[in-house]
Structure formats: C-alpha cells, structure tokens
Amino acid sequence: MAAAAEVLQHVKSDGEFNLPRSLRIAASEYGKSPWAQVREIWQLRFGPGKLRPDEYYAYELYDDRRFAFEDKLRFLGRATQLGICRACNALEWWLLAHDKLVFYALLEGHGLPAPKTRAVYHHSRRLGGAAALATPEALADHLRGGMAYPCFAEPVTGMRSVGVAALEAYDAPSDSVVFKGGRTLGVAEFVGQLEPYRQDGHLFQEMLAPHPELEALCGRRLSTVRLIVLLEAGAPAILHALWKIPVGDHPADNFWRPGNLLAALEADCGRVTRVIQGVGPERRELRSHPDTGGRLQDLVLPDWPALVALGLQAATTLPGLRLQAWDIAPTERGPVLVEVNIGGDFNLPQLAHQTGLMEERFRNFLAGCAASAAR
C-alpha cells in the first residue's frame with residue numbers, strides 16, 4: 001500500500017486528499033488491489049480526461065462493478081476544463097459572466113428576474129439606484145443605519161461563493177453585524193475583512209426567500225438549480241440539470257461546503273433522481289434532508305417549466321458563450337437568475353449523475369465548436 005502511494009506521490013492532487021487511506025478503502029471494500037488502482041490512475045491521468053488521483057477516488061472509479069473502463073474514460077478532470085471552456089466560448093464574452101455588476105445590468109436590461117442590489121461597495125462603480133459606498137467609512141455607516149436587512153454580500157468578481165456572507169441584522173449595542181446562524185462580528189472588523197475584495201468591489205443584495213414548498217422541505221435556506229446549457233446553432237438546450245441544497249448555517253449552497261447536498265434532476269420534468277452528500281469513500285446517498293427530514297428523493301421541483309424557460313431565455317442573451325452553467329433559485333416569487341458560469345465546474349454533473357461528461361452528445365457539441373473555430 002505504501003509503495004503504491006509512493007509511486008503516485010508526485011502526481012498533482014488536492015492538498016487535503018488522503019491517498020493512502022483511499023488506496024486502502026478501494027482495496028479492502030471493493031477488492032481492487034493497490035497496484036491495479038495505480039495502473040488505472042496512470043491510464044486515466046494520461047487519457048483524454050486527465051484525471052488526477054483525487055478525482056479518480058472522488059468519482060469512485062475504483063468500483064469496477066459500477067464502471068466499465070470505457071465509462072471511466074468519459075470522466076473529465078479539472079485539468080481539461082479551461083481548454084474546453086476556451087474552445088467553446090469567445091474570450092471577449094467572459095467578462096459578462098465574471099463581473100457581476102455587468103451581469104446584473106445585462107439581466108436588468110433584458111427585463112429578466114435577478115436579485116435586487118441594495119448597495120455597491122466600490123470606489124467608483126455604480127449599479128442603478130443601489131447605494132454607492134466608495135470608502136470603508138461609508139460602508140460602515142451604511143451597515144449601521146442604511147442597510148435593509150437581511151441581505152446577502154458577495155464579491156463583484158468572486159467565484160465558488162468565496163467571500164460571501166449572509167447578514168441577518170445590525171446589533172447596535174455591540175456595534176456588530178449578525179450573520180445567519182447567530183455569529184456576530186464588529187462592523188469595523190467585518191469591513192476590514194472585505195479589504196481583499198475592495199479593488200473589484202462588493203455587492204449587497206436582497207436575501208431571496210425560497211419557494212414555500214422547498215422551505216417546508218429544506219428550511220429557510222435558498223437553494224439553486226444548476227442548468228448546464230449548450231448553444232447549438234444558436235439554440236439553447238439543456239445538457240444536465242442539478243440541484244444544490246444547503247445544509248446547516250452555510251451562507252451558500254455550493255457543494256464544496258461540508259455537509260451540503262447535490263441532487264441529480266431529470267431535465268424534462270425536474271424530478272430528483274439521486275441525492276448525495278460528500279464524495280468518494282465519504283459519499284452518502286440520502287433520501288431526505290438531514291436537518292428537516294423532508295423527503296427529497298423523487299421530488300419534482302416547483303415551477304419547473306418556468307425555471308427551464310427562464311434559463312433558456314437567459315442563455316440566448318450571451319451568444320458568444322456556447323457552454324453556460326446557470327444557477328437559478330426557485331423563490332417565493334418564482335425562478336430568479338442568480339449567476340452564470342463559463343462552463344461551470346465539471347465535477348458537479350459528473351458526481352450527481354454518476355457519468356462522465358464526454359458522452360456522444362457532448363463530443364458532438366465540442367466537435368461543432370471546433371469546426372466553427374476553424375472556419
């Protein structure tokens with residue numbers, strides 16, 4: 001076991017990944033010898049998907065009962081993601097997705113539903129009628145007396161919910177902001193924590209309320225549906241649909257946050273077919289929400305036709321981006337567009353649906369993108 005781990009030690013992996021433990025579990029629980037694992041990891045690392053060892057174990061590709069080798073070859077690693085996104089999406093369009101001030105202005109211009117922005121913390125930029133806060137002192141004063149709570153804060157150019165915060169209230173006696181879950185932080189300290197994001201700016205938005213049916217199942221936590229959308233000959237079509245479900249006091253529903261759930265959805269009707277928590281040896285399949293006991297398996301998400309129609313309509317506003325990943329929140333006022341990603345994280349659909357992205361439809365789509373670029 002140690003020798004097999006030594007062979008792979010120089011292959012890039014996630015810093016928190018425990019290779020010896022993963023080798024041991026795959027050998028003892030799945031009957032795949034360490035050297036058989038090493039051989040397969042090397043084959044997949046230098047195969048079309050360029051999978052790292054941690055990705056091999058995250059997708060549980062050591063389970064030969066579930067995956068034939070040709071199935072494993074369809075999984076794409078993170079190393080392939082940027083190249084594929086560059087091949088499918090014109091670089092001059094990327095700003096529209098990555099800069100949220102530009103993105104929300106675009107949605108507003110098209111009359112599409114998006115969270116209302118209440119304040120912009122930036123030295124010069126603005127968004128509609130939102131409060132413009134140019135200095136730390138102005139932000140602190142606004143948090144104390146001008147902000148409408150609850151609200152959601154996020155970086156203008158942030159990704160994967162890094163730097164976000166869910167603010168519930170301002171507590172005057174302690175001069176603190178109160179976060180979702182009850183944690184407090186002094187206003188001055190909170191403003192100081194936003195300093196790394198000050199150059200590009202920070203947004204403060206309304207706190208969207210979940211659809212009543214989902215609130216009954218998951219509590220008052222906002223979840224989002226991820227639609228992977230392809231623009232084929234200019235027409236949008238869904239490749240995969242997922243549902244990201246928050247647990248506990250997390251300020252966002254991203255699956256990388258410990259405990260959060262990920263569900264596979266049938267794109268034609270919005271039915272939940274599978275719910276997972278964790279990856280690899282730690283993966284569990286659940287039928288109910290761990291906090292509320294609300295049944296998730298076989299649930300049909302509310303307002304599904306309207307949500308899909310909104311996602312497809314929004315996709316057409318970005319014709320230079322042929323591979324899009326939209327996050328759409330089912331809320332009490334209907335579906336609301338939260339953000340769009342350039343391609344999105346490939347691990348999410350692959351984990352949720354237990355299948356690699358490089359199936360025939362996606363291969364044909366990529367071939368079409370390559371042919372367009374060659375003309």
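**Notebook: aromatic pairs and nonpolar cores**

I counted the aromatic ring pairs to begin with, and the tally came to 12. I note here that the model is a predicted one.

From these I looked up phenylalanine 179 and phenylalanine 190, whose ring centres lie 5.6 Å apart with the planes at 65 degrees, so I entered the pair as edge-to-face, the cut-off for that class being over 60 degrees. The pair links distant parts of the chain, for phenylalanine 179 belongs to strand 5 (residues 176-179) and phenylalanine 190 to helix 10 (residues 187-193), with their positions 11 residues apart.

Are these two rings buried or exposed? I found a relative accessibility of 6% for phenylalanine 179, which therefore counts as buried, and a relative accessible area of 3% for phenylalanine 190, which is buried as well.

I then checked for a charge over the ring of phenylalanine 179, and found arginine 183 over its face, at 4.4 Å from the ring centre.

Elsewhere among the aromatic residues I recorded one cluster, formed by Phe17, Tyr30, Tyr56, Tyr57 and Tyr62.

Next I turned to the nonpolar cores. Which members of the largest one touch the most other members? In this core of 49 residues they are Leu227, Trp243, Trp304 and Trp326. I asked next where the largest share of this core comes from, and it is helix 12 (residues 304-315), which supplies 6 residues. Another core lies apart from it and holds 21 residues, including Ala26, Tyr56, Leu61 and Phe75. I noted Tyr56 in both lists, as a member of this second core and of the aromatic cluster.

Terms used:
Residues are numbered from 1 along each chain as its sequence is written. This is a predicted model: local features need pLDDT of at least 70, side-chain atom pairs count only at pLDDT 80 or more; totals for chains, interfaces and linings use all residues. Side-chain values use heavy atoms; hydrogens and water are left out. A nonpolar core is a set of buried Ala, Val, Leu, Ile, Met, Phe, Trp, Tyr and Cys residues joined through side-chain atoms within 4.5 Å. Buried means under 20% relative accessible area, exposed over 50%, partly exposed in between (1.4 Å probe, protein chains only). Helices (H or I, at least four residues) and strands (E, at least two) are DSSP runs, numbered from the N terminus. Rings of Phe, Tyr and Trp (its six-membered ring) pair if their centres lie within 6.5 Å; planes under 30 degrees apart count as stacked, over 60 as edge-to-face and the rest as tilted. A charge sits over a ring if NZ of Lys or CZ of Arg is within 6 Å of the ring centre and within 35 degrees of the ring normal.
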